[in-house]
Structure formats: C-alpha cells, structure tokens
Amino acid sequence: MSFRGPEIFKLNGGLGQTAPSDRNVFGLIVANGYEVSDTFEFGQVYRLTSIEDAEALGLSPASDANNADDTTALIWYNIDEWFRTNPDGTLYVFNGEEVATANLFAANGPANALLSASENGIRGLGIIFGFDPEPAEPYTITGGFADFVTQARSAAQTWVEARATEHIYIDVVVIEGAFAAPVLVDQKTADAPQVHITVACDHGYLDEYDEAFLRTASVGTALAAIGVRMLSESMGSVVLERYPSAARGRANYSLVDTRRGRWMKPGLSSGVLVADTTQSYRDELTDKAYGYAGSYESYPGVYFNADPTCTLVTDDFNTIHINRVWNESARMVRRALIPKMNSRVRIDSTTGRIAPATIADWDAAAKRQLDTLLAEGEISDYTFSLDPEQDVIAQGKVKTRLRIVPQGIAKEIEGEIGFTNPAQA
C-alpha cells in the first residue's frame, strides 16, 4: 500500500488485572418478616451493600422491637450482624410473609427469587424462620429441632443439587436451628452436605426480648463468618488470613462487640447459655454437626466451633470450606472450557489419539484459571489432565480430570510440655 507503513492494533488483557471478587455475595430469606411503611415490603428482594442501605429502608432496632409480638425475625439485627462482621459483603434479602417451609425452595419461591435478583450470583443462602413467639399450640420437635427446621434442611439440599445440574453452584445453605432440643440428634446422618444448621444464639443481646427469642439462632452472624473468610478457611478460625480494612491489626476475629452489646453471653437455641454446658456436651455439639459460638478457656473472645455440614464424616464434603473450594474450582474450569465447546480437536492421523498441541492448549486454558486459586493460597496444589487415548471422533466428547489438594484445617492441636535438667543432658 502507498506509504502506509505498519498497521498497529491495540491489545487488551495483558496486565492480568481482575474484576472485584464476586465470592462474598450471599442471600438471606426471612420466611415470616415484617413490613416498614412502603419502603420494606413483603415479597420483595432488596440488595444491600451496607447497614446504611438497610436503615434507608426503615429497618432499625426499633423496627425489630415493634414487631417482636408477631415474629421472632430480628431483621435489622441479622443484617447488622452481617455487615458488622463482614463489612465488604453484599447481601440480598427476601422479606417473606408467612412463607410455608414447603414453599421456601419452590419454583416461584424465595430461594429462586434471590437467585434471579442476583443474576445467579449468590454463593450462600441463609434462612430465618421468624416464628410466632406465642403460638396457639407448641411447636412440634422432630430430629432435634422444630419440625420446620428439619423440613427445610431436606428441601434445601434438594434445591442445591437441582441448581448444580444447571451449573449454578451454591456453597452452603445456613438454616436457623430454632428450638434446639437439649438431647442432641446426629445431624451427620441427614445426607445434606451443603446444609449447615446453626444454633448460635446471642443471649446477651436478646435479654430484653421475650423468652421465645432465646430459641432462635443468629443466621446473619453465621453467614457473615463464612463470607468474610477465604474459601479455604473454616468459619471457626480464631484469626483471619485476610482482614477487612476496618479490622486490620486485630489480634483475632472475635464476635464480641462490647459497644453494640453483641455476643457478651453466647448461648444455644435450646435456651441454654454455652457457659452452663459441660465440655463433653460442647464436644457432642461439634461431633453431631451443630454450629454454635463459644469461648476458649483463658483466651478472650467468642468464635464459632467449626464449619460442619449435615453429612457423614467420611463424606469429602462434610465442611463448608471444602464445598466452597470445589464449587469455585468448578466455576473456573467451566470458564476455561466453555470457549472450547464445538471447537476442533486435532487428531493424530496415525494413532487416532488427541494431538499434543490440543492437549497443551486445553491444559494452558485450565491453568490460567486454576493458578489463581493456587496463587491465592486457596488450594495447595492441583493436577489437570486430558487422556489422549479417548476416541473423540466416535464419541464427540472430551473428558478432562481435575484433582485438587486442599489446604488443611487444625481442628485439634496437641502440645507436649515437660522438664529437662541441664545437668543430666
């Protein structure tokens, strides 16, 4: 061409800059809440990024107290706990009006409404029941809780599994363990590996409320304890790997907030203070997959015991953090391999094997995603492979394999202490 010289094209993406993390987005269902004028209405989903967003809707300690005769759903308190503990998170809230347990996960129910509003972005879900503090008939206790708790546990797991078939991965559903029975029932036999039941109850904060409120659990606090942590961290960790900017420099991440009067007297939704239980009973709570908050002897603060889900100890997915790591890996592999859909797979004309160039290309695509988890310390290592022997021409399918080495969790620590005599050395 006449004196045009080289043509220069602008490329993008070489700096490796990433968008803000979408891992700290959760949903909260209030099955039986309350309305505030025309700003916080039944049947609506609200997206909140700060406690100020909630207060702009008219939610406050007064709105909780003014509706305490009708429902135990302390909506402002649970939202405030979310942002107090997890200030960088985003919370979608569904405000329900006497939503039956059977309808929580129905096709047109609250769980799907939250998914729709968040464009399938929520990573975890919490359920507050908001029961009548003075029912005409006592609540039926089944499986260690009020019967609506055990019904919700089963429905939640079915819903999570159904969403996974659509490639929408929900890390955990945290259910309010209302009316926990004193005699514990093993939740590990429930076959619900993506469900966590919390019985953590902030008795000190609830002292001014009716006794029925001591049978509730703080779902907002439990959800926040998950969201504020890395994928591979247990919600029971005493310190955080990465602190929110407002909490940097803290020696630990205790739930206690003396100014707000939070978690000064941690209790259980059975109505009992944790301080009034025995060590063997607290061990049993953890062994049977109950989530609760308590303290270590001679160490300040209140923390969650662990992050169990309602499945057998032999199940790989018996903790929340393992579910979170697996789900994030699945999302990343899908992002890496979707561009390969209906693409050519080069075949060696002599052997019929997948050509090395194709294997290297797919391997590089997966590693570009998975190396992020490795660099962040979310996983210890991984191997991604593609069997070259598979018959792609006949089957029209390519099978890959990903194996992850997770980080460990110090669930127990043992220390040996003894004496030594230098003269005997």
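# Exercises on a predicted model

Tyr-296 has a relative accessibility of 44% and therefore counts as partly exposed. This value, like the others below, comes from a predicted model.

**Exercise 1. Determine how the rings of Phe-145 and Tyr-290 are oriented to each other, and which parts of the chain they connect.**

Step 1. A pair of aromatic rings is described by the distance of the centres and the angle of the planes. Pairing requires centres within 6.5 Å, and by this rule the model contains 18 aromatic pairs.

Step 2. For Phe-145 and Tyr-290, the centres are 5.4 Å apart and the planes stand at 35°, so the pair is tilted.

Step 3. Phe-145 belongs to strand β6 (residues 145-146) and Tyr-290 to strand β11 (residues 290-291); the pair therefore ties together parts that are 145 residues apart in sequence.

Step 4. Both Phe-145 and Tyr-290 are buried.

**Exercise 2. Classify the ring pair of Tyr-296 and Tyr-303, and state the exposure of each partner.**

Step 1. The ring centres of Tyr-296 and Tyr-303 are 6.1 Å apart and their planes are at 45°, so this pair is tilted.

Step 2. The cut-off for a buried residue is under 20% relative accessible area. Tyr-303, at 3% relative accessibility, therefore counts as buried, whereas Tyr-296, at 44%, is partly exposed.

**Exercise 3. Identify which residues ring pairs link into a cluster, and which charged residue lies over the face of Tyr-205.**

Step 1. The cluster linked by ring pairs consists of Phe-129, Phe-131, Tyr-139, Phe-148 and Phe-179.

Step 2. Over the face of Tyr-205 lies Arg-262, at 5.0 Å from the ring centre.

**Exercise 4. Compare the span of helix α5 with the expected value, and describe its buried residues and what covers them.**

Step 1. Helix α5 covers residues 147-165, which amounts to 19 residues. From the first C-alpha to the last it reaches 28 Å, close to the 27 Å expected at 1.5 Å a residue.

Step 2. An α-helix has 3.6 residues a turn, so residues three or four places apart point the same way. The buried residues of α5 include Phe-148, Ala-152, Ala-156, Trp-159 and Arg-163. Also buried in α5 are Val-149, Arg-153, Gln-157 and Val-160, among others.

Step 3. The cover over the buried residues of α5 includes helix α4 (110-117) and the strands β4 (124-128), β5 (141-142), β6, β7 (172-176) and β8 (195-198).

**Exercise 5. Locate Asn-120 and Asp-191, give their phi values, and decide whether each is buried, partly exposed or exposed.**

Step 1. Most residues other than glycine have a negative phi, and most peptide bonds are trans.

Step 2. Asn-120 has a positive phi, near 60°. Asn-120 is found in the loop between α4 and β4, and its relative accessible area of 42% means that it is partly exposed.

Step 3. Asp-191 also has a positive phi, near 55°, and lies in the loop between β7 and β8. At 57% relative accessibility, Asp-191 counts as exposed.

Step 4. A further positive phi, of about 65°, is taken by His-167 just after α5.

**Exercise 6. Establish how strand β8 pairs with β7 and β11, and how its side chains are directed.**

Step 1. β7 and β8 pair in the parallel sense over 4 bridges, with Val-174 opposite His-196 in β8.

Step 2. β8 and β11 also run parallel, joined by 2 bridges. Here Ile-197 stands opposite Tyr-290 in β11, the residue whose ring pairs with Phe-145.

Step 3. From β8, Val-195 and Ile-197 point one way while His-196 and Thr-198 point the other way, and all are buried.

Methods: Residues are numbered from 1 along each chain as its sequence is written. This is a predicted model: local features need pLDDT of at least 70, side-chain atom pairs count only at pLDDT 80 or more; totals for chains, interfaces and linings use all residues. Side-chain values use heavy atoms; hydrogens and water are left out. Rings of Phe, Tyr and Trp (its six-membered ring) pair if their centres lie within 6.5 Å; planes under 30 degrees apart count as stacked, over 60 as edge-to-face and the rest as tilted. Buried means under 20% relative accessible area, exposed over 50%, partly exposed in between (1.4 Å probe, protein chains only). A charge sits over a ring if NZ of Lys or CZ of Arg is within 6 Å of the ring centre and within 35 degrees of the ring normal. The expected span of a helix is 1.5 Å times one less than its number of residues. Contact means heavy atoms within 4.5 Å. Two strands pair if DSSP finds at least two bridges between them.
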